[in-house]
Amino acid sequence: MTEDKLKSRKFSVWITWGVIVLITAIILVIDVCVLKNVPDSMVELFSKVLTYFFYVSLVYLGINVTQKGINAYKEVMSKEKTEEEASE
């Protein structure tokens, strides 16, 4: 991982949501062990947190792929432009 990626806001949001999912899962497991059953509200909460984490991950990956595609396109276009200038 590069230093820029660690300072990225997108990455920070993704890590934060990962921690939220982990904490919610731990609380769910503790509830199961202590209460010997799972409250419906806890299952619903975990389901919603997991769904939002999926959406955040989808956006994070989508933006990264789009940025890489745009950067690759710019690089190809700049190479073509320099080749055209060199051939003239």
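Which residues does T24 touch, not counting residues up to four places away in sequence? In this predicted model, the residues that T24 touches on that count are M42, L45, F46 and V49. T24 has its place in helix α2, and the account below starts from the packing of α2 with α3 before turning to each helix and to single residues.

**Packing of α2 with α3**

- Helix α2, which covers residues 9-35, packs with helix α3, which covers residues 40-87, at an angle of about 160 degrees, and the axes of the two helices are 10 Å apart.
- Because an angle over 145 degrees counts as roughly antiparallel, α2 is described as roughly antiparallel to α3.
- The crossing that α2 and α3 make is left-handed, and the residues of their contact divide into 19 nonpolar, five polar and two charged.

**Helix α2**

- With 27 residues at 1.5 Å a residue, α2 should span 39 Å, and the distance of 38 Å between its end C-alpha atoms agrees with that expectation.
- The residues of α2 that are buried are F11, V21, T24, L28 and D31.
- T24 counts as buried because its relative accessibility is 7%, and a residue is called buried when that value is under 20%.
- L35, which also lies in helix α2, counts as partly exposed because its relative accessibility is 47%.
- Just after α2, K36 takes a positive phi of about 65 degrees.

**Helix α3**

- For α3, 48 residues at 1.5 Å a residue should span 70 Å, and its end C-alpha atoms are 70 Å apart, so the expected span and the modelled distance agree.
- Buried residues in α3 are M42, V49, F53, V56, S57, Y60 and N64.
- T51 has its place in helix α3 and counts as partly exposed, since its relative accessibility is 33%.
- Q67 likewise has its place in helix α3, and a relative accessible area of 40% makes Q67 partly exposed.

**Contacts between the two helices**

- M42 and V49, both of which T24 touches, are among the buried residues of α3.
- F46, whose place is in helix α3, touches V21, T24, A25 and L28 when residues up to four places away in sequence are not counted.
- Among the residues that F46 touches are V21, T24 and L28, and these three are listed among the buried residues of α2.
- The contact of T24 with F46 thus appears in the list for T24 as well as in the list for F46.

**Separation along the chain and in space**

- T51 and V21 are 30 residues apart in sequence, and their C-alpha atoms are 9.8 Å apart in space.
- Q67 and K5 are 62 residues apart along the chain, while a distance of 13 Å separates their C-alpha atoms.
- F46 and I63 are 17 residues apart along the chain, and the separation of their C-alpha atoms is 26 Å.
- L35 and G69 are 34 residues apart along the chain, with their C-alpha atoms separated by 50 Å.

Note on methods:
Residues numbered from 1 in each chain as written. Predicted model: local features only at pLDDT ≥ 70, side-chain atom pairs only at ≥ 80, totals over all residues. Heavy atoms only, no water. Axes fitted to C-alpha atoms, helices over the stretch in contact; angles between N-to-C directions. Helix = DSSP H or I, 4+ residues; strand = E, 2+ residues; numbered from the N terminus. Parallel < 35°, antiparallel > 145°, perpendicular 65-115°, else oblique. Left-handed = near helix turned anticlockwise from the far one by under 90°. Nonpolar A, V, L, I, M, F, W, Y, C, P; charged D, E, K, R; others polar. Expected span 1.5 Å × (residues − 1). Buried < 20%, exposed > 50% of the residue type's maximum accessible area, 1.4 Å probe, protein only. Contact = heavy atoms within 4.5 Å.
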